[in-house]
Structure formats: C-alpha cells, structure tokens
Amino acid sequence: MEQLGLDGMPRRLYTCTPSRLNTWLDCRRRYRFTYLDRPAPQKGPPWAHNSVGASVHNALAAWWREPYDRRTPVMAAVLLTNGWIREGFRDEEQSAAWRDRAREMVSAYVATLDPGDEPVGVERTVATRTSVIAVSGRVDRLDRRGDELVVVDYKTGRRPPGSDDARSSIALAVYAIASSRMMRRACHRVELHHLPTGTVAEWEHTDESLARHLSRAEDIATEATGADDSYREWAGNAGAGRAKGAVPAPRREAGAGAPEVPPEIDRLFPPEPGPICSWCDFRRHCPEGRAVSPDRLPWDGLAETPGSSGLSPAQGRDGGEDRPAP
C-alpha cells in the first residue's frame, strides 16, 4: 500500500536493498555516488578480497544445485576452481595461492553439511513492503529446521563475526521478516557462517526485535527519501533527461568524475571520513576520505600473515552485497 503525502496524493514507496540502507548509514556521499549520480563516478580497481568472497559464494550456491549424489567436498573444490575470479590480485601466483586456500575452505565447509538436507532457498531473493518501504535482498541460504525457517549468511572476512553482529544486522532481520511473509512460516533465527574458521554466530530474534529492525529501516528510508527528492529536483532543474526508474542527473561522459553539486545539495550527502575510506570504491573522488586514510593496493585486503585463517577485512555481503571492507 502506498503512503499518502500531505496533499493527499499517493507517495512513492522507497525501494531499496539492505545494502542501500547500510550505505546511507555508513557514508552519505558514497550513497550519492552509488545510487544517485548517473552515470556513476568511475570506481577504483577491483579488490582481490571481493574476488575471493564472490568465488566462495558462487561455489556454495552451485554446490546445492548439483544432484544429491554429486554434493561432495570434491565437487565443491571443482566448482570453486572452475568459477575462480582472478580480478584484483598482484599476479597469477598470488591468485593461484588464494584459489587453493578458498578451495580447501569450501571443501571443509560442505563436509559439515548434510547434502540431503535440501534448503528452502539458495541465493533466494526475498522481499517485503510496508507503508514506507519496498525492500528486497538475496539470502545466501534459507534453511527449514523443524517448523521454522533459518536465515544463513556466509562470511569470508578476516574477523569472525559474533552474536552481536547477527543480532544487530538490519539485513538479516529484513531477510527473516521477508522470508516469513513470503513462505508463510515463522523465521526468527539468523546465522553468520564464517568459513575461514568454521564458526557460526547466531541470534534468535523475537517478533518485537524484528519489528524494531523494520522500524529502523523505515526511519533510514524516510531520511534518505528527503535527500533523494532534493537531489532529484536539483538534477531535473539542471536539464537532465528523465530515464524511467532512474534519478536524473546532469549529462556527463560515462566513467567521469563526480558531478559538481551546489552547496545545499552537497550538505545533504556529507562524507564520513575514517579508516574505512581506504577501501572505498569512490576514494579518488573524495578529498576528505583521502586526507584521513592511506591508499591501499587491490590485494591489501588479503590476510597474508602466516597462520592467518581470515581472508580479508571485508565481512562479505551484509545483505551486503556491495559494502566495502572496514
């Protein structure tokens, strides 16, 4: 159902993913670069740790699509090798070393799974809406345990997540709510499976805690909507063409730098300078971020220290999909 504005006219729902909501919280300038500026400012080079994470996620999804009798650790290793993403590594030697590490990781992980325990969904898109937002996202795995559903999110980051990470994640809560509504089955439990260490961080939500997360998502959406509308009005007045479904912006060449915006618009999307800026895809377009954090090479996110079990500073896709490494 659409929300009514002050003039009684239907107000457009804020359409988003959990990643968009988290980007607004993390850095509003990066939010503008990612979701509003069109064409978007040119990103930096791909990150090796993102290649590792994506390769692992893809292999695990493909493993569940195999026939039952082929769901073996060996098959997981084969799928990882065949789908290995080479972008961002220093050279072929480094890429091959991390491919072998990731292959061992997925093999060890699937050895702990029951290949006959068919998930309800793998890489399943779930969605729900309220009077304020229409939110959707992709769940790594959706299990059925007893009479309830369980949201499973894979993590490949350097730091093993804890129960507080599972409890506080807006993305996991939204996935639980959307899954429950779509499948008409209760879903309160969310889990973060950290493949490098084989640990599981879990949280059992209540209906009340899930409602609080959804309310928080609506609050974020309300804040972002106001800024989006101001940007849209400015961009429209600047003479941009209005592409269906996209926020108009002044015409620029694809891959160009960030557009110059007037101060009143820039103030709506301030940067949040900090250590995370080293890992931002749009770092080159943000002088504030460059001033407070060092440059990073594309492979610096890999855990290269002897005996390290983690893969990168990124915690994977927090419903996250496209969040940079912390």
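Helix H1 is largely enclosed by the rest of the structure, because 7 of its 9 residues are buried. The model described here is a predicted one. The buried residues of H1 are Pro18, Ser19, Arg20, Leu21, Asn22, Thr23 and Trp24. The elements that cover them include strand E3 (14–16), H2, strand E5 (133–145), H7 and helix H8 (207–237).

Aspartate 26 also belongs to helix H1, which spans residues 18–26. Its relative accessible area is 24%, so aspartate 26 counts as partly exposed, since the buried class is reserved for values under 20%. Aspartate 26 also stands across from a remote part of the chain: isoleucine 276 is 250 residues away in sequence, yet the two C-alpha atoms are 9.2 Å apart.

**The protein as a whole**

The protein contains 10 helices and 8 strands. It has 326 residues, and 49% of them count as buried. If contacts between residues at least 6 apart in sequence are considered, 69% of them join residues at least 24 apart.

**Cavities**

Within the whole structure, a search finds 2 cavities of 30 Å³ or more. The largest has a volume of about 130 Å³. Its lining consists of 14 residues, and those nearest its centre are Cys27, Arg30, Cys277, Cys280 and Cys286. Which helix gives the most to the lining of the largest cavity? That helix is H2 (residues 28–36), with 3 residues. Sorted by class, the lining of this cavity comprises 8 nonpolar, 1 polar and 5 charged residues.

The loop between H2 and H3 holds proline 39. The peptide bond that leads from arginine 38 to proline 39 is cis, with omega near -5 degrees.

**Helices H3, H4 and H5**

Two packed helices are described by the angle between their axes and the distance between the axes. For helix H3 (residues 48–65) and helix H5 (residues 92–110), the angle is about 35 degrees and the axes are 10 Å apart. The crossing of H3 with H5 is right-handed. On the H3 side, the contact is made by Val52, Val56, Leu60 and Trp63, and on the H5 side by Trp98, Ala102, Val106, Tyr109 and Val110. By class, the residues of this contact are 9 nonpolar, no polar and no charged. An α-helix has 3.6 residues a turn, so residues three or four places apart point the same way.

Helix H4 (residues 73–82) has Met75, Ala76, Ala77, Leu79 and Leu80 as its buried residues. H3 and H5 are among the elements that cover them.

Serine 55 is a residue of helix H3. With a relative accessible area of 2%, serine 55 is buried. Apart from residues up to four places away in sequence, serine 55 touches Leu80, Gly83, Trp84 and Ile85. One of these, Leu80, is also among the buried residues of H4.

**Residues of strand E5 and elsewhere**

Aspartate 143 lies in strand E5, one of the elements that cover the buried residues of H1. Aspartate 143 is buried, because its relative accessible area of 8% falls under the limit of 20%. When neighbours within four places in sequence are set aside, aspartate 143 is in contact with Pro119, Val120, Glu148, Leu149, Val150 and Val152. Its C-alpha atom is separated by 7.8 Å from that of glutamate 118, and the two residues are 25 apart along the chain.

Two residues other than glycine have a positive phi: for glutamate 123 the value is near 50 degrees, and for arginine 184 it is near 55 degrees. Glutamate 123 lies in strand E4 (residues 121–129). Arginine 184 is found in the loop between helix H7 (170–183) and strand E7 (187–194). Are these residues buried or exposed? Glutamate 123 is buried, with a relative accessible area of 18%, whereas arginine 184 counts as exposed at 78%.

The table gathers the accessibility of the individual residues discussed above.

| Residue | Relative accessible area | Class |
|---|---|---|
| Aspartate 26 | 24% | partly exposed |
| Serine 55 | 2% | buried |
| Glutamate 123 | 18% | buried |
| Aspartate 143 | 8% | buried |
| Arginine 184 | 78% | exposed |

Technical notes:
Residues are numbered from 1 along each chain as its sequence is written. This is a predicted model: local features need pLDDT of at least 70, side-chain atom pairs count only at pLDDT 80 or more; totals for chains, interfaces and linings use all residues. Side-chain values use heavy atoms; hydrogens and water are left out. On a 1 Å grid over the protein atoms alone, a cavity is a set of points where a 1.4 Å probe fits but cannot get out, and a pocket is an open set with protein on both sides within 12 Å along at least five of seven lines; lining residues have an atom within 4 Å of a point. Grid points are joined across faces, edges and corners, and a volume is the space filled by probe spheres set on the points. Helices (H or I, at least four residues) and strands (E, at least two) are DSSP runs, numbered from the N terminus. Ala, Val, Leu, Ile, Met, Phe, Trp, Tyr, Cys and Pro count as nonpolar, Asp, Glu, Lys and Arg as charged, and the others, Gly among them, as polar. Axes are lines fitted to C-alpha atoms, for helices over the stretch in contact, and angles run from 0 to 180 degrees between N-to-C directions. A crossing is left-handed if the near helix is turned anticlockwise from the far one by less than a right angle, and right-handed if clockwise. Contact means heavy atoms within 4.5 Å. Buried means under 20% relative accessible area, exposed over 50%, partly exposed in between (1.4 Å probe, protein chains only).
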